[in-house]
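Biologist: Please take a close look at one part of this protein and walk me through how it is put together. I work at the bench, so give me the cut-offs behind your terms as you go.

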Amino acid sequence: MPDPRLLAVSDLHVRHPENREIAAALRPTHPGDWLIVAGDVAEQVEDTVSTLASLRERFAEVIWVPGNHELWTRPKEEGAPKGVARYDRLVERCRGIGVVTPEDPYPVWTGADGPIVVAPLFLLYDYSFLPAGTSTVEEGIAAAQAARVVCTDEFLLYPDPYASRQEWSDARITATQRRLDGIDPHLPTVLVNHWPLTRSPTRILRHPEFSLWCGSTRTADWHVRYRARTVVYGHLHVPRVTWEDGVRFVEVSLGYPREQRFRAERGIVTETLPRQVLPVPAPEPDPLARYDKPL
């Protein structure tokens, strides 16, 4: 039997029947396997919880961070919690099924390559990944509007009780930095966030204006500062492995069925999900290296 592995997947978007089947088929290869789920499981709380509960029945540990879709509150959800209250509801429900959240003590992986602290983060974004030619958030939003790539978050992701998503993100980043500063400095980490920690992965986006909703410049050095062995993220729907400052960055999204078909039609072969995080595998080729235009 192989050794236990730390695995990761994100952007399951199980409202799509094809993706729901894929999520239902995710299985460990060892009873000690852990699974990271890096956000965007579903848009409804019950769908998110039921999917995570099913995964928790199969994997020894499940670690979840929220994506933007879990935080959406649609107009038809009359009386549903918004913003921080919605996130708190998800945390409460995840704890009830034994799933680790960003509000829980960081678990320590003691398998091969361990001990390593696995740190699930919830940081949002602060609009600091400005599109080229813009210098303010207002200009960035205007550029995105002109390109018709405004993120749905602008209409469905409420920051309540904060005045803005930027203010909420600032609070999350400040609080998370304090927690990361408290990790034993002798231990390396696996940093997990739905949004990328650096801007570099967004360079592949077909619509660069969308980078506004993809992270914060405040976390640009966290992979070095917090001794990351690997950074796990999703959100971009561009599964790949890249390296920054000698640190492995792994985008682990499943994405929408149409995106999966797009990659298949163009012969873009990506590693089968869930992606192995630990033990660190042999260096993998970037399936997008031959593409000089964003996907």
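Modeller: Happy to; what follows is a look at one sheet, the helix on it and the core they share.

First, a word on the model: it is predicted, so local features need pLDDT of at least 70 and side-chain atom pairs count only at pLDDT 80 or more, while totals for chains, interfaces and linings use all residues. Residues are numbered from 1 along each chain as its sequence is written, and side-chain values use heavy atoms, leaving out hydrogens and water.

Let's begin with the sheet. Four strands form an open sheet in the order E3-E2-E1-E10, with mixed pairing (strands are DSSP E runs of at least two residues, helices H or I runs of at least four, numbered from the N terminus; pairing takes at least two DSSP bridges). At its edges lie E3 and E10 (275–278), each of which pairs on one side only. On average, neighbouring strands are turned by 30 degrees against each other, direction ignored. Further in, E1 and E2 run parallel, joined by 4 bridges, and Ala-8 stands opposite Ile-36 in E2.

Helix H2 packs on this sheet, where it touches E2 and E3; contact here is heavy atoms within 4.5 Å. The direction of H2 makes about 150 degrees with that of E3, an angle on a 0 to 180 degrees scale between the N-to-C directions of lines fitted to C-alpha atoms, for helices over the stretch in contact. H2 covers residues 45–58, and its 14 residues should span 20 Å at 1.5 Å a residue; the end C-alpha atoms are 20 Å apart, so the two agree. That expectation is 1.5 Å times one less than the number of residues.

Which residues of H2 are buried? They are Val-45, Thr-48, Val-49, Thr-51, Leu-52, Leu-55 and Arg-58, where buried means under 20% relative accessible area, exposed over 50% and partly exposed in between (1.4 Å probe, protein chains only). Their cover includes helix H1 (17–25), E2 (34–37), E3 (61–64) and helix H3 (84–96).

Now for the core. The largest nonpolar core has 40 residues, of which Leu-12, Val-37 and Trp-64 touch the most other members; such a core is a set of buried Ala, Val, Leu, Ile, Met, Phe, Trp, Tyr and Cys residues joined through side-chain atoms within 4.5 Å. E1 (6–9), E2, H2, E3, H3 and H4 each supply at least two of its residues. Leaving aside residues up to four places away in sequence, Leu-12 has contacts that include Thr-51 and Leu-55, along with Val-37, Ala-23, Leu-26 and Leu-254. A second, separate core of 24 residues includes Leu-123, Leu-205, Tyr-233 and Val-238. In soluble globular proteins, nonpolar side chains tend to be buried together.

One contributor deserves a last look. In H4 (residues 137–147), Gly-140, Ile-141 and Ala-144 are buried. They line one face of the helix, because down its axis the buried residues fall within an arc of 95 degrees, taken from the directions from the axis to the C-beta atoms. Glu-138 and Ala-146, on the other side, are exposed. Just after H4, Arg-148 takes a positive phi of about 60 degrees.
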